[in-house]
Amino acid sequence: KLKVTMVAWDRYDATVITAVNNFLLKVWNSSTGQLLHSLSGHDDEVFVLEAHPFDQRIVLSAGHDGNIFVWDIDKGTKIRNYFNMIEGQGHGAVFDCKFSPDGQHFACTDSHGHLLLFGFGCNKYYEKIPDQMFFHTDYRPLIRDANNYVLDEQTQQAPHLMPPPFLVDVDGNPHPTRFQRLVPGRENCKDEQLIPQLGYVANGDGEVVEQVIGQQTNDQDESILDGMIRELQREQDLRLINEGETLPIPPLN
């Protein structure tokens with residue numbers, strides 16, 4: 001039984017593109033419902049259809065076969081094809097794709113956790129970024145409290161209330177400080193606040209566990225790193241008062 005797995009409109013809504021579980025893409029006239037083209041090339045189900053941000057002729061498709069196609073839906077032809085081959089692991093299914101606003105680049109994510117960047121120009125700009133970037137809190141176990149709210153098992157804090165995580169490689173080794181500033185909330189931290197320091201605390205079972213200092217809490221249930229940031233803000237406020245400047249009024253949420 002045939003099923004539609006994904007639907008997309010072109011940039012100006014003149015055509016509708018559908019992906020079917022027989023691996024074909026169909027291009028339809030959105031006004032009359034007439035079938036304009038059947039596009040073949042995929043050999044597994046397609047769950048990604050992305051229209052070009054301003055060129056209504058261009059549509060991108062990607063699927064579980066690891067293929068990424070760029071199509072000209074006016075002519076019903078393939079412009080370019082990329083295959084997401086992963087050395088030693090076969091291919092990676094492509095889960096999502098998005099064009100950049102200028103239409104010159106697109107980014108894809110796959111089933112192996114890779115971010116794939118395609119486009120025009122030089123790739124030296126991207127080579128400055130580490131190949132492996134994880135948060136040190138990734139894959140940490142979660143638990144639920146008596147009210148059924150989710151908590152981080154190690155710190156007993158709600159995940160959204162925890163301090164910004166550190167960027168690490170796949171083995172958990174922290175990246176240099178210049179990369180730690182890429183994490184929202186750490187943009188203006190001093191170097192010494194961007195170096196994860198490990199401490200040892202006792203968990204609920206009495207076991208001593210290794211813990212990043214940024215996740216440790218003081219007597220007020222505030223992380224040590226949060227306390228340092230709060231103290232720096234207090235010192236800045238006092239300095240502004242002494243200099244006769246008016247403190248800004250915080251925005252209302």
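A strand here is a DSSP run of E that covers at least two residues, and strands are numbered from the N terminus. The exercises below concern a predicted model.

**Exercise 1.** Find the strand in which D152 is found, and decide whether D152 counts as buried or exposed.

*Solution.* Begin with the position in the chain: D152 belongs to strand β16, which covers residues 150-152. Next take the cut-off, under which a residue is buried when its relative accessible area is under 20%. Because its relative accessibility is 2%, D152 counts as buried. Finally, look at the surroundings: leaving aside residues up to four places away in sequence, D152 touches R140, P141, L142, Q157, P159 and M162.

**Exercise 2.** Describe how β12 pairs with β11 and with β13, and state which residues of β12 point to the buried face.

*Solution.* Start with β11, residues 94-99, which pairs with β12 in the antiparallel sense over five bridges; in this pairing D96 stands opposite T109 of β12. The hairpin of these two strands has five residues between them, and G103 takes a positive phi near 75 degrees there.

Turn then to β13, with which β12 also pairs in the antiparallel sense, over five bridges, and where G119 of β13 stands opposite H105. The hairpin of β12 and β13 has four residues between the strands, and in it G113 takes a positive phi near 85 degrees.

The last step follows the side chains along β12, which alternate: F106, C108 and D110 point to one face and are buried, whereas H105, A107 and T109 point to the other face and are not buried.

**Exercise 3.** Characterise the largest pocket by its volume, by the residues nearest its centre, and by the elements that supply its lining.

*Solution.* The volume of the largest pocket is about 890 Å³. Its lining consists of 25 residues, and those nearest the centre are H114, L115, L117, P130 and D131. Sorted by class, the lining has 14 nonpolar, nine polar and two charged residues. As for the elements, β12 (105-110), β13 (115-119) and α1 (124-127) each supply at least two lining residues, and the largest share, four residues, comes from β13.

**Exercise 4.** Place these details within the whole chain by stating how many helices and strands the chain has and what share of its residues is buried.

*Solution.* Count the elements to begin with: the chain has three helices and 19 strands. Then consider burial, where 34% of the 253 residues are buried. To complete the picture, the accessible surface of the chain comes to about 16500 Å², with 52% of that surface belonging to carbon and sulfur atoms.

Terms used
Residues are numbered from 1 along each chain as its sequence is written. This is a predicted model: local features need pLDDT of at least 70, side-chain atom pairs count only at pLDDT 80 or more; totals for chains, interfaces and linings use all residues. Side-chain values use heavy atoms; hydrogens and water are left out. Buried means under 20% relative accessible area, exposed over 50%, partly exposed in between (1.4 Å probe, protein chains only). Accessible areas come from the Shrake-Rupley method with a 1.4 Å probe; for residues, only the protein chains shown count as cover. On a 1 Å grid over the protein atoms alone, a cavity is a set of points where a 1.4 Å probe fits but cannot get out, and a pocket is an open set with protein on both sides within 12 Å along at least five of seven lines; lining residues have an atom within 4 Å of a point. Grid points are joined across faces, edges and corners, and a volume is the space filled by probe spheres set on the points. Ala, Val, Leu, Ile, Met, Phe, Trp, Tyr, Cys and Pro count as nonpolar, Asp, Glu, Lys and Arg as charged, and the others, Gly among them, as polar. Contact means heavy atoms within 4.5 Å. Two strands pair if DSSP finds at least two bridges between them.
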